[in-house]
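Student: I would like to go through this structure and ask how each label is earned.
Tutor: Good; look at the sequence and the model before we start.

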Amino acid sequence: MPGYRPQPDRDSLGWWERVARRQFAVQECGACGTLRFPPRAFCAACRTEGWNWREVAPEGKVESWIVNRRPFVPGLGDPYLVVMVRLTPVPGCLMYGNWRAERPPEPGERVRGVFTQVDEALTVLDWMPESFIPARPAENPAAG
């Protein structure tokens, strides 16, 4: 399939496996408890190597966004919006994802992650306005 596909590496493989199972998690340092994203081998706070995964709510606020006019991801027509989200459970972490709404985001807008199955082998986390999320958790796989 043409286009850019995420290439999991030593540090991100576990994260992508969780996303494929529709779980949202960040790393938690085994020594100092610092939460971090993106995944990496060493804690930036205490420089130790031990860590584990910790599930957190896929929630945040829009920091910024771009209108992408080049189709890097298969199945996405251009132009499309990519948002940068500051995670609510981990305020020091930023995450990028596609925007899932018919209107542009607003600065500081509360958003929630939703899993999108791109194809049989790839699931990604996208973001949509919190006000667009159905009230019943069964209708929102990422809210569970």
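**Labels and their reasons**

Tutor: Strand 6 gives the most to the lining of the largest pocket, namely five residues. Keep in mind that the model is predicted.

Student: What is the volume of the largest pocket, and which residues are closest to its centre?
Tutor: The volume is about 580 Å³. The lining has 23 residues, and Tyr4, Pro6, Trp16, Tyr96 and Gly97 are the closest to the centre. Two or more lining residues come from each of helix 1 (13–20), strand 5 (80–87), strand 6 (94–98) and strand 8 (122–129).

Student: How do the lining residues divide into nonpolar, polar and charged?
Tutor: There are 18 nonpolar residues, four polar and one charged. Tyr and Pro count as nonpolar, whereas Gly counts as polar.

Student: Which elements make up the rest of the chain, and in what order do they run?
Tutor: The chain has one helix and eight strands. From the N terminus the order is α-β-β-β-β-β-β-β-β. Of its 144 residues, 42% are buried.

Student: Why is glutamate 109 called buried?
Tutor: Buried means under 20% relative accessible area. Glutamate 109 has 12%, so it counts as buried. This residue sits in the loop between strand 6 and strand 7 (110–119). Beyond its neighbours within four places in sequence, glutamate 109 is in contact with Gly60, Lys61, Val62, Trp99, Arg103 and Pro129.

Student: What makes the approach of glutamate 109 to glutamate 106 a polar contact?
Tutor: The side chain of glutamate 109 reaches the backbone nitrogen of glutamate 106 at 2.9 Å. The cut-off for a pair of N or O atoms is 3.5 Å, so the distance of 2.9 Å is within it.

Student: Is arginine 112, in strand 7, buried or exposed?
Tutor: Arginine 112 has 11% relative accessibility, and the limit is under 20%, so this residue counts as buried. The side chains of arginine 112 and glutamate 59 are joined by a polar contact of 2.4 Å.

Student: Why does valine 56 get the label buried?
Tutor: The relative accessible area of valine 56 is 14%, which is under 20%, and therefore valine 56 is buried. Valine 56 lies in the loop between strand 3 (51–55) and strand 4 (59–68). Not counting residues up to four places away in sequence, valine 56 touches Phe24, Ala25, Val26 and Pro89. Valine 26 is 30 residues from valine 56 in sequence, and their C-alpha atoms are 7.1 Å apart.

Student: Why is arginine 47 called exposed, but arginine 22 partly exposed?
Tutor: Exposed means over 50%, and partly exposed lies between that and the buried limit of 20%. Arginine 47 has 64%, so it is exposed. Arginine 22 has 30%, so it is partly exposed.

Student: What is noted about phi in these two arginines?
Tutor: Phi is near 60° in arginine 22, a positive value in a residue other than glycine. In arginine 47 phi is near 65°, also positive in a residue other than glycine. Arginine 22 lies in the loop between helix 1 and strand 1 (25–29), and arginine 47 in the loop between strand 2 and strand 3.

Student: Is the peptide bond from phenylalanine 37 to proline 38 cis or trans?
Tutor: The bond is cis, with omega near 5°. Proline 38 is in the loop between strand 2 (35–36) and strand 3.

Note on methods: Residues are numbered from 1 along each chain as its sequence is written. This is a predicted model: local features need pLDDT of at least 70, side-chain atom pairs count only at pLDDT 80 or more; totals for chains, interfaces and linings use all residues. Side-chain values use heavy atoms; hydrogens and water are left out. On a 1 Å grid over the protein atoms alone, a cavity is a set of points where a 1.4 Å probe fits but cannot get out, and a pocket is an open set with protein on both sides within 12 Å along at least five of seven lines; lining residues have an atom within 4 Å of a point. Grid points are joined across faces, edges and corners, and a volume is the space filled by probe spheres set on the points. Helices (H or I, at least four residues) and strands (E, at least two) are DSSP runs, numbered from the N terminus. Buried means under 20% relative accessible area, exposed over 50%, partly exposed in between (1.4 Å probe, protein chains only). A polar contact is a pair of N or O atoms within 3.5 Å; within protein, one must be able to donate a hydrogen and the other to accept it, and residues adjacent in sequence count only if both atoms are side-chain atoms. Contact means heavy atoms within 4.5 Å.
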